[in-house]
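Hi everyone, thanks for coming. Please take a moment to look at the picture on the screen, and then we'll walk through it together.

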Amino acid sequence: KGLQDQLFCVFEALNQKNHQMVFTIDRPINEWTEMNERLVTRLKSGLSVDLNPPDLETRVAILKKKMEAMDQTQNITGEVIEFIAKSVQSNVRELEGALNRIVEYADLMDEDVTLQIAKEVLKDFIATNSGENITVETIQKVICENYGISLSDIKGKNKGKKYVNPRMIAVYLSKEMTEFTFSEIGNEFGGRDHTTIMHSHDKIGEMVKFDPSMSAKIEALKREIKDYKKS
């Protein structure tokens, strides 16, 4: 309580002087039930932004930018870049570090940067990556358990909201957490067309960008899916 009172006083002093402040917390402010109500009110008065790990497209773009800075654009194929982007999903620092290690290893061995070299350099990282080998079926099971529906429901044609929303979330997570194509994911969801799968993925993706509650739910489901795989 004493620390929160001090933080409140500092907040008020800086706010009165029109200073900008940035706070980071590991869960939505509404879940901080142990925090002083007046401090919660002050924190809610500002802009709240949910910071998530970069998606696959963003990770690829980051790697390409890093390649330009390293003057490696001509030496690394798109196949290698995509492999790195799919293998390292946690944060930008680890992503750039993976690229550095691969380039340095290839230079040390006096070889070109190939997919095989990338796999060799990152094998230890991938082996400890909890997202490795996650299947669509695992994702479907976790979603079914969370939303109280069956596997036949999530793969079926029922268009009721009780089934459509969990199905779209499962589709979105299947694309984000596996290397399956839209067509392959469609096959796992009752033979749906790839355009239908793309639509579901894009719709949930938009909600994740603009709806903090959906973003938080997706991140919670990702953690549960990874833990489910370990068990």
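**A walk through the chain**

Reading along the sequence, you meet the pattern α-α-α-α-α-α-α-α-α-α-α-α. That is 12 helices and 0 strands. Please keep in mind that this is a predicted model.

Let's start with some overall numbers. The chain has 231 residues, and 34% of them are buried. Its exposed area is about 14600 Å², with carbon and sulfur atoms supplying 50% of that. Now think about contacts between residues with a separation of 6 or more: 60% of those in the chain come from residues 24 or more positions apart.

**The start of the chain**

Let's go to helix α1, which covers residues 2-16, and find L7 there. Which residues does L7 touch, once we set aside those up to four places away in sequence? The answer is F23 and L39. L7 and L39 are 32 residues apart in sequence, yet their C-alpha atoms are 8.1 Å apart in space. Is L7 buried or exposed? Somewhere in between: its relative accessibility is 32%, so L7 counts as partly exposed.

Helix α1 has another link for us. D5 and R38 join their side chains in a salt bridge, at 3.4 Å from N to O. This pair connects distant parts of the chain, because D5 sits in helix α1 while R38 sits in helix α2, residues 37-44, and the two are 33 residues apart. Both partners are partly exposed: D5 has a relative accessible area of 22%, and R38 has a relative accessibility of 36%.

**Salt bridges within a helix**

How many salt bridges does the structure hold? There are 7. Here are two that stay inside one helix.

In the first, K123 pairs with E120, and their closest N and O atoms are 3.0 Å apart. Both residues belong to helix α6, residues 115-127, and sit 3 residues apart, about one turn of the helix. K123 is partly exposed at 44% relative accessible area, and E120 is partly exposed at 34%.

In the second, K209 pairs with E206, with 3.8 Å between the closest N and O atoms. These two lie in helix α11, again 3 residues apart, about one turn of the helix. K209 counts as exposed, because its relative accessibility is 59% and the cut-off for exposed is over 50%. E206, at 41%, counts as partly exposed.

**Into the core**

Now let's look inside. The largest nonpolar core has 26 residues, and those touching the most other members are I139, I143, I169, L173 and I218. Which elements give two or more residues to this core? They are α7 (136-147), α9, α10, α11 (194-210) and α12 (212-230). Among them, α9 gives the most, with 8 residues.

Let's zoom in on I143. Leaving out neighbours within four places in sequence, I143 contacts I154, P166, I169, A170, L173 and L221. Apart from this core there is another one, of 22 residues, including I62, V88, V121 and L122.

**A threonine in a loop**

Next, find T178, in the loop between α9 (161-177) and α10 (182-188). Is T178 buried or exposed? T178 is buried, because its relative accessible area is 9% and buried means under 20%.

What does the side chain of T178 reach? It reaches the backbone nitrogen of F180, at 3.2 Å. A polar atom of that T178 side chain also lies 2.5 Å from the backbone oxygen of S174. Beyond its neighbours within four places in sequence, T178 is in contact with I134, T135, V136, I139 and L173. You have met I139 and L173 already, in the largest nonpolar core.

**Back to the surface**

Let's finish on the outside. Y105, L108 and M109 make a nonpolar surface patch of about 310 Å². M109 lies in helix α5, which runs over residues 92-109. At 40% relative accessibility, M109 counts as partly exposed.

So, to recap the route: we went from a salt bridge between D5 and R38, through a nonpolar core of 26 residues and the buried T178, to a surface patch that includes M109. Thanks for listening, and do ask me to turn the model if you'd like another look!

Methods: Residues are numbered from 1 along each chain as its sequence is written. This is a predicted model: local features need pLDDT of at least 70, side-chain atom pairs count only at pLDDT 80 or more; totals for chains, interfaces and linings use all residues. Side-chain values use heavy atoms; hydrogens and water are left out. Helices (H or I, at least four residues) and strands (E, at least two) are DSSP runs, numbered from the N terminus. Buried means under 20% relative accessible area, exposed over 50%, partly exposed in between (1.4 Å probe, protein chains only). A polar contact is a pair of N or O atoms within 3.5 Å; within protein, one must be able to donate a hydrogen and the other to accept it, and residues adjacent in sequence count only if both atoms are side-chain atoms. Contact means heavy atoms within 4.5 Å. A nonpolar core is a set of buried Ala, Val, Leu, Ile, Met, Phe, Trp, Tyr and Cys residues joined through side-chain atoms within 4.5 Å. Patches are made of residues with over 30% relative accessible area and no salt bridge: like charges are joined within 9 Å, nonpolar side chains (Val, Leu, Ile, Met, Phe, Trp, Tyr) within 5 Å. Accessible areas come from the Shrake-Rupley method with a 1.4 Å probe; for residues, only the protein chains shown count as cover. A salt bridge is a side-chain nitrogen of Lys or Arg within 4 Å of a carboxyl oxygen of Asp or Glu.
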